[in-house]
Amino acid sequence: MDQIIDLTRLDEILAEHASTPGGLLPILHAVQKTWGHVPPATVPAIAARLNLSRAEVHGVITYYHHFRDKPGGKTLIQMCRAEACQARGCDALIAHATKTVGCSLHETNGDGSVTLEPVYCLGHCATGPNIQVGEKLYGRMTPSRFDEIVMQSVRPGLEFA
Ligand code: FES
């Protein structure tokens, strides 16, 4: 079933950014912040307001991994893959994290509790590897701390083997 879109909110977003050069990206960010993804039903209005084709808007949504056209999991976990965190072992951490939560990067796990996304710098490079769970940033992440955080804040009561 299609999601019901608050057209008043969509109009506010379009009014705020449509006349800005390069306004498509801020619009998509605001839409995703509002609905947790970019609902396909918003694309025709965005395209019309910016004098773009629907295909052009869709192309930008699919080009940037940050944007999702489907709802994500209950909790978004962002894992930094930029240079400083790479040097501090983020790839091994990510490999561990995908096993813990049960999905790969850019995916949502089977019970819908977690979406795992890569990010390219969270702005705290000295404390890597860094992750962000919802709005909260965690530095010096290790596999065991990752599991603790997931157990405590994402899936309370769940125990890992
Ligand atoms: S490189 Fe990971 S926070 Fe900057």
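Here a biologist and a modeller talk through a predicted model, helix by helix and strand by strand.

Biologist: What makes up the protein chain, in helices and strands?

Modeller: The protein chain has seven helices and five strands. Along the sequence they follow the pattern α-α-α-α-β-α-α-β-β-β-β-α. The C-alpha atoms fill a box of roughly 50 × 35 × 25 Å along the principal axes.

Biologist: Which domains does the assignment give?

Modeller: Domain 1 covers 7-63 and domain 2 covers 75-153. The C-alpha centres of domain 1 and domain 2 are 28 Å apart.

Biologist: Why are helix H1 and helix H3 called roughly parallel?

Modeller: Helix H1 spans residues 7-17 and helix H3 spans residues 43-50. They pack at an angle of about 30°, and their axes are 11 Å apart. Angles under 35 degrees count as roughly parallel. H1 is therefore roughly parallel to H3. Their crossing is right-handed.

Biologist: Which residues make that contact of H1 and H3?

Modeller: H1 brings Leu 10, Leu 14 and Ala 15. H3 brings Ala 45, Ile 46 and Arg 49.

Biologist: How many residues in the contact of H1 with H3 are nonpolar, polar or charged?

Modeller: Five are nonpolar, none is polar and one is charged. Arg counts as charged, and the contact includes Arg 49 of H3.

Biologist: Why are H2 and H4 called roughly perpendicular?

Modeller: Take helix H2, residues 24-35, and helix H4, residues 54-63. Their axes cross at roughly 65° and come within 11 Å. The class for roughly perpendicular runs from 65 to 115 degrees. H2 and H4 are therefore placed in that class, roughly perpendicular to each other. H2 passes H4 in a right-handed crossing.

Biologist: What makes the contact of H2 with H4 nonpolar, polar or charged in its residues?

Modeller: Look at the residues. H2 gives Leu 24, Leu 25 and Leu 28, while H4 gives Val 57, Val 60 and Ile 61. Leu, Val and Ile count as nonpolar. The contact of H2 with H4 thus has six nonpolar residues, no polar ones and no charged ones.

Biologist: Now the sheet. What is the order of its strands?

Modeller: The order is S2-S3-S1-S4-S5, in an open sheet of five strands with mixed pairing.

Biologist: Why do strand S2 and strand S5 stand at the edges?

Modeller: Strand S2 (107-108) and strand S5 (136-138) each have a single partner strand, so one side of each is left without a neighbour in the sheet.

Biologist: How do you know that S4 and S5 pair?

Modeller: Two strands pair if there are at least two bridges between them. Strand S4, residues 131-133, and S5 share three bridges, in the antiparallel sense. In one of these details, Ile 131 has Tyr 138 of S5 as its bridge partner.

Biologist: Which strands does helix H7 touch?

Modeller: Helix H7, residues 143-154, packs on the sheet and touches strand S1 (75-80), strand S3 (114-119), S4 and S5. The direction of H7 makes about 160° with that of S1.

Biologist: What makes the peptide bond from Gly 128 to Pro 129 cis?

Modeller: Its omega is near 0°. Pro 129 sits in the loop between S3 and S4.

Biologist: What is the phi of Asn 51, and where is Asn 51 placed?

Modeller: Asn 51 has a positive phi of about 55°, although it is not a glycine. Asn 51 belongs to the loop between H3 and H4.

Terms used. Residues numbered from 1 in each chain as written. Predicted model: local features only at pLDDT ≥ 70, side-chain atom pairs only at ≥ 80, totals over all residues. Heavy atoms only, no water. Axes fitted to C-alpha atoms, helices over the stretch in contact; angles between N-to-C directions. Helix = DSSP H or I, 4+ residues; strand = E, 2+ residues; numbered from the N terminus. Parallel < 35°, antiparallel > 145°, perpendicular 65-115°, else oblique. Left-handed = near helix turned anticlockwise from the far one by under 90°. Contact = heavy atoms within 4.5 Å. Domains from an automatic or database assignment.
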